[in-house]
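Below are some notes for a colleague who is meeting this structure for the first time. Please read them with the sequence and the model side by side.

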Amino acid sequence: MDVEDKASLHVIETLIPYKFQLLACFFHRSSMASSSWVKELRFMQLKVPLKIHESIWVMPAGPTPAATGDSLYLSNLDDIVGARVFTPTIYFYRSGDSRRPVMKTLRGALANVLVPYYPFSGRIRETNNGKLEVFFGPQQGALMIEAHCEMALADLGDLTVPNPAWAPLIYKFPDEEPYKILDMPLVIAQVTLFSCGGFSLGLRLCHCICDGFGAMQFLNAWAASAKAGRLVVNPQPCWDREFFRPRRPPIVKHPHVEYMRIDEGSSLTMSLWETKPVQKCYRISREFQTHLKILAQPDDNFPCTTFDAMAAHIWRSWVKALDVKPLNYKLRLTFSVNARQKLKNPPLKDGFYGNVVCVACAMSTVNELVNGQLKYTTRLVREARLSVSEEYLRSTVDFVEVERPRKLEFGGKLTITQWTRFSIYESADFGWGRPIYAGPIDLTPTPQVCVFLPEGEADPNGTMVVCICLPESATGKFIEFLCLKNSSSYGSVSNGSL
């Protein structure tokens with residue numbers, strides 16, 4: 001049981017005698033305060049013209065263990081279909097220090113960091129049976145782009161709200177194929193200098209090399225090295241992908257419905273992909289999260305987490321707003337669970353930066369989601385989260401070895417990515433202070449993905465930003481459900497059926 005579970009259990013045990021009075025009070029307060037607890041964030045429609053000044057290949061600054069022709073093993077968690085992507089992020093900084101030229105500082109620090117993190121200087125290739133590996137050839141390295149923009153940062157609108165219009169600030173090759181990772185540089189970094197003296201760092205890291213926690217470890221080393229003017233690495237990076245080699249023979253003990261091919265028999269995917277979805281962002285206060293967590297608590301009194309409650313509520317609100325049909329169709333909610341602390345026999349080595357996440361999956365019919373109670377959906381999310389164990393992870397590795405899914409499955413699915421777990425603002429201080437914003441910018445290419453983002457304040461108060469995609473026609477309904485304006489669907493306080 002983690003810290004949040006223990007704290008939640010204590011609160012629940014303390015408040016059980018007063019449950020219904022508290023719920024009645026919360027419902028009364030929500031009718032008055034939900035508009036301030038949940039705020040829709042709007043971004044500007046704009047174009048960002050820029051000029052590419054130069055492209056530079058960045059090689060490791062010193063010798064590495066890899067010679068030309070060498071290769072490195074990738075685990076089945078690294079080359080699973082969901083990891084065969086680049087993760088794009090943007091970081092905005094108010095101004096650079098003229099005594100520390102931005103491009104020169106970042107390029108030099110990256111070259112230093114690519115010595116201990118040398119796999120990032122390689123390339124991905126496919127071997128037998130579709131298996132991926134990292135290989136090293138002559139003159140590979142990471143790619144850095146310097147771009148100039150005549151706009152000022154202030155012209156980009158609210159820099160705390162991710163805006164798809166910022167896409168030119170993250171480099172893509174001309175005519176680049178979607179999901180292309182083979183023979184691509186594994187680090188692609190675009191530095192854009194603005195007329196006001198501020199700059200942005202648009203970063204693409206190949207997910208096959210690291211998960212979110214591994215990316216933070218790499219980013220922190222790069223930033224610390226830039227800030228210090230010398231190589232700073234703590235902890236020392238550990239590759240060791242053989243730790244997750246499949247068992248012989250493979251032992252698949254779980255059905256792994258998260259990867260199951262499901263024919264789309266509902267209106268969900270059609271409503272998202274055949275209309276042009278829009279990205280919507282909402283600031284969710286700590287007060288609302290606390291309120292929702294009490295409403296969402298299942299009757300068994302085993303504590304749910306804030307994530308359990310928020311994920312269940314977002315899933316239900318999204319499905320209701322989309323008016324998914326038919327009601328008997330089974331939908332899936334998937335989300336990643338960090339399995340690092342679950343590995344005991346043996347434990348994972350310090351500094352490991354590869355993929356150590358399992359995809360948890362909750363399933364429910366449309367009818368149960370839209371007409372059932374929040375606490376029922378929350379229990380499904382909690383059970384899916386808790387089902388991830390060391391054995392579940394090993395079973396996932398073996399399942400991929402046997403089945404090796406070839407394509408991303410979107411049928412009847414919402415995927416929630418929890419960036420609130422990452423120290424992204426703390427990790428990205430390259431010497432010019434914390435970024436104004438750090439995170440993704442555009443979800444519309446994968447409209448069945450929802451992201452929970454941390455607020456960028458130096459003194460965080462627990463507020464999160466939820467980004468999600470919807471058809472324009474469904475946005476009004478979604479905000480109503482999100483704000484609990486139709487709270488009757490969450491059960492009756494008077495009869496204790498919440």
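1. The side chain of D429 is a convenient place to begin in this predicted model, since that side chain comes to 3.1 Å from the backbone nitrogen of G433. A further polar contact, at 3.0 Å, joins the side chain of D429 to the side chain of K227.

2. As for its place in the chain, D429 lies in the loop that runs between α11 (424–427) and β14 (438–439). Its relative accessible area is 17%, and because buried means under 20%, D429 counts as buried.

3. Which residues does D429 contact, once its neighbours within four places in sequence are left aside? They are A223, K227 and R434, and K227 is also the residue whose side chain takes part in the polar contact at 3.0 Å mentioned above.

4. A separate point concerns two helices, α7 (residues 306–322) and α9 (residues 374–386), which pack with their axes 8 Å apart and at an angle of about 120°. The two helices are therefore oblique to each other, as the angle is over the 115 degrees that bounds the roughly perpendicular range but not over the 145 degrees beyond which helices count as roughly antiparallel. The crossing of α7 and α9 is right-handed.

5. On the α7 side, the residues that meet α9 are F307, D308, A309, A311, A312, H313, W315 and R316, while α9 contributes L374, T377, T378, V381, R382 and R385. Sorted by character, the residues of this contact comprise seven nonpolar, three polar and four charged.

How values were computed. Residues are numbered from 1 along each chain as its sequence is written. This is a predicted model: local features need pLDDT of at least 70, side-chain atom pairs count only at pLDDT 80 or more; totals for chains, interfaces and linings use all residues. Side-chain values use heavy atoms; hydrogens and water are left out. Helices (H or I, at least four residues) and strands (E, at least two) are DSSP runs, numbered from the N terminus. Buried means under 20% relative accessible area, exposed over 50%, partly exposed in between (1.4 Å probe, protein chains only). A polar contact is a pair of N or O atoms within 3.5 Å; within protein, one must be able to donate a hydrogen and the other to accept it, and residues adjacent in sequence count only if both atoms are side-chain atoms. Contact means heavy atoms within 4.5 Å. Axes are lines fitted to C-alpha atoms, for helices over the stretch in contact, and angles run from 0 to 180 degrees between N-to-C directions. Angles under 35 degrees count as roughly parallel, over 145 as roughly antiparallel, 65 to 115 as roughly perpendicular and the rest as oblique. A crossing is left-handed if the near helix is turned anticlockwise from the far one by less than a right angle, and right-handed if clockwise. Ala, Val, Leu, Ile, Met, Phe, Trp, Tyr, Cys and Pro count as nonpolar, Asp, Glu, Lys and Arg as charged, and the others, Gly among them, as polar.
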